[in-house]
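Subject: The structure I promised you

Hi,

Here is the structure we talked about, so open it up and keep it on screen while you read. My notes on what turned up are underneath.

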Amino acid sequence: MANSPHGGVLKDLYIRDEPLKATLQAEAETLPHVVLTERQLCDLELILNGGFSPLQGFHTQAEYTSVVTTSRLPSGALWTIPIYLDIDRAHLDTLGAVPGSRLTLRDPRDDQPLAIITISDIYTVDRTQEALQVYGTTDEAHPAVHYLRHNTRDTLVGGDVQAVNAPQHYDYVAIRRSPNEVRQLFKKLNWTRVVAFQTRNPMHRAHRELTVRAARMRHANVLIQPVVGLTKPGDIDHFTRVRVYQAIMPKYPNGMAQLSLLPLAMRMGGPREAVWHAIIRKNFGATHFIVGRDHAGPGSNSQGVDFYGPYEAQDLVLKYRDELDIEVVPFQMLTYLPDTDEYQPINEVAEGVKTLNISGTELRRRLKTGAPIPEWFSYPEVVRILREANPPRDHQGFTVFLTGLHASGKESIARALQVALNQEGGRSVSLLLGETIRQELSSELGYTKRERDINVARIGFVAAELTRSGAACIAAPIAPYDEARQQVRKQVARAGGFYLVHVATPLEACIKNDRAGVYARAIAGDIKGFTGIDDVYEAPSNADLVADVTKTSISQIVHEIILLLERDGYIGDR
């Protein structure tokens, strides 16, 4: 028999509200609406399907305060992470929202109505206190604290919700199961003891060994339930990870394990989050839950020290194990023993026994460089999937972004670099010159700061897409403002390599090189807001290369850019 839900009753609001669906659907189209954020979408889905039982909506102020300060709901039920609906106050005022109002909550992907919330209260909170009490820090190196400071809106809305529609998913539909569906699966398979394993990373041999050990020790089966909502920034995308999970499932003994996805928005909250994860797995029917080393830990703080101790999460879950009524399976890190070809918990390995391990950092290095990944560490099927998603750098795209004054020589450098990269071969090379982009992509824009920033943002978008496709992109706009350039760096760096080259040719030389006489017209006042004359150029402080065509030849500048690309493995020997 599956475990009882947290609070005793599974709050599946889809089942509860099914008799009212037609009425709610019609009402939803008449109400003011709020478009959810990605995190809110994940939270709402787990409220509606019962994954967050006993919650039936977003926290009221009393619930929020109780959870933050005591790790409990006002009822006394254990609950460690606040679940709230944050909305800009100005938007609420526009909607005319007050306690007692009803709002439609819409899916940000397709604008479908998902639920109706009846507002109980509207309140504000102290984000610093939330950070300290829930996550134990105000350091913005912690993803949840950074999210609090930069992504959450200023006002919280609490109240119960009614289900209108389930969020529509188009990926891995067969293994996206609600708590009720997972419980039915356990019943069909006659599983009475189930060990749940959560992961936000690809699985390798050690993970398979860990879960098999846990199941055999508890005479149980295994539910692999990876997170496919929000995880830590920089994590491998869930599409790649799910392909890995599907590849590793046949490696389990026949009938031992099942795979089911969880649309959770992780906070990386360490000990408190581990308790929250245990509650969620109880709602899905699991009787046991694996809590590993540094469970849900975000890594190091801004001083390089881990936010949480390696077994702090295990200790907190064990503290509440009787109340949780789910057996905690604590595991230490497994390490490989080459002499006996087996994995063992690191604390059980005798002194002097040879061990091998590959860290996450080392794995990423091997993927980037194409270095071999041994079969004792991972299965060939898994490695193949990871290599497809993380090709070595000589198969990845990159952008070289040249910025500088008009007639600084950046376009000549760009053209020469294009020739050099075409000669190198291995990928297509695209050239985005400032004036070409102005004509083809931004012809309606003028030259105010806002319009210049829009133009640079468009260049960044195109560069990121080219980079993501594996091409080499060379962009050469003036791009006078630092904030806009930094946004392009962030956007492109998520897709591949990014190099900022400041062509720092002095203004006097630029004026001399300007055969079209544009500077002369600007100096005469015929052109207003011209960069370098009556509008500012903010010199980059973090350029990867600074060049001046009055001091260095174009061929030498191109050579120096090529050396940067070779240094980082984007071009060179293959």
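The lining of the second largest pocket is a mix: 12 of its residues are nonpolar, nine are polar and seven are charged. Before you go further, keep in mind that this is a predicted model. The pocket holds about 630 Å³ of space. Of the 28 residues lining the second largest pocket, those closest to its centre are His 406, Lys 410, Glu 411, Glu 435 and Ile 478. Which helices supply at least two residues each to that lining? They are α16 (410–424), α17 (434–440) and α18 (449–468). The largest share, four residues, comes from α16.

Next, find the sheet. Five strands make up an open sheet with parallel pairing, and their order is β16-β17-β15-β18-β19. At the edges sit β16 (429–433) and β19 (545–547), each of which pairs on one side only. From one strand to the next, the twist averages 15 degrees. If you want to check one pairing by eye, try β16 and β17 (residues 472–476): the two run parallel and are joined by five bridges. For instance, Leu 433 has Ala 476 in β17 as its bridge partner.

Two helices lie across this sheet. α18, which you met at the pocket, lies across β15 (398–404), β16, β17 and β18 (497–503), and runs at about 155 degrees to β15. Helix α22 (residues 554–567) lies across β15, β18 and β19, at about 175 degrees to β19.

Now for a cavity. How many cavities of 30 Å³ or more does the structure hold? There is one. The largest cavity has a volume of about 40 Å³. Its lining is made of Arg 39, Asp 43, Pro 82, Ile 83, Tyr 84, Asp 86, Tyr 147 and Arg 267. Sorted by type, the lining of the largest cavity has four nonpolar residues, no polar ones and four charged ones.

Then have a look at helix α10 (residues 238–248). Why can we call α10 largely enclosed by the rest of the structure? Because eight of its 11 residues are buried, and a residue counts as buried when its relative accessible area is under 20%. The buried ones are His 238, Thr 240, Arg 241, Val 242, Val 244, Tyr 245, Ala 247 and Ile 248. Among the things covering these buried residues of α10 are α9 (205–218), β10 (257–259) and α15 (380–389).

A few spots in the backbone are worth a stop too. As background, most residues other than glycine have a negative phi, and most peptide bonds are trans. Here are the places to click on:

- Ser 53 to Pro 54: this peptide bond is cis, with omega near 15 degrees. Pro 54 belongs to the loop between α3 (38–48) and β2 (57–58).
- Asp 111: phi is near 65 degrees, a positive value in a residue other than glycine. You'll find Asp 111 in the loop between β4 (102–106) and β5 (113–118). With a relative accessible area of 40%, Asp 111 is partly exposed.
- His 219: here phi is positive as well, about 50 degrees, although the residue is not a glycine. His 219 lies in the loop between α9 and β9 (221–224). Is His 219 buried or exposed? It counts as exposed, because its relative accessibility is 68% and the cut-off for exposed is over 50%.

Last, two more loop residues. Gln 332 sits in the loop between β12 (327–330) and β13 (334–337), and is partly exposed at a relative accessible area of 26%. Leaving out residues up to four places away in sequence, Gln 332 touches Tyr 311, Ile 346 and Asn 347. Gln 332 and Val 492 are 160 residues apart in sequence, and their C-alpha atoms are 38 Å apart in space.

Glu 351 is in the loop between β14 (342–345) and α14 (360–369). Its relative accessibility is 84%, so Glu 351 counts as exposed. Between the C-alpha atoms of Glu 351 and His 207 there are 23 Å, and the two residues are 144 residues apart along the chain.

Happy clicking!

Key. Residues are numbered from 1 along each chain as its sequence is written. This is a predicted model: local features need pLDDT of at least 70, side-chain atom pairs count only at pLDDT 80 or more; totals for chains, interfaces and linings use all residues. Side-chain values use heavy atoms; hydrogens and water are left out. On a 1 Å grid over the protein atoms alone, a cavity is a set of points where a 1.4 Å probe fits but cannot get out, and a pocket is an open set with protein on both sides within 12 Å along at least five of seven lines; lining residues have an atom within 4 Å of a point. Grid points are joined across faces, edges and corners, and a volume is the space filled by probe spheres set on the points. Ala, Val, Leu, Ile, Met, Phe, Trp, Tyr, Cys and Pro count as nonpolar, Asp, Glu, Lys and Arg as charged, and the others, Gly among them, as polar. Two strands pair if DSSP finds at least two bridges between them. Axes are lines fitted to C-alpha atoms, for helices over the stretch in contact, and angles run from 0 to 180 degrees between N-to-C directions. Contact means heavy atoms within 4.5 Å. Buried means under 20% relative accessible area, exposed over 50%, partly exposed in between (1.4 Å probe, protein chains only).
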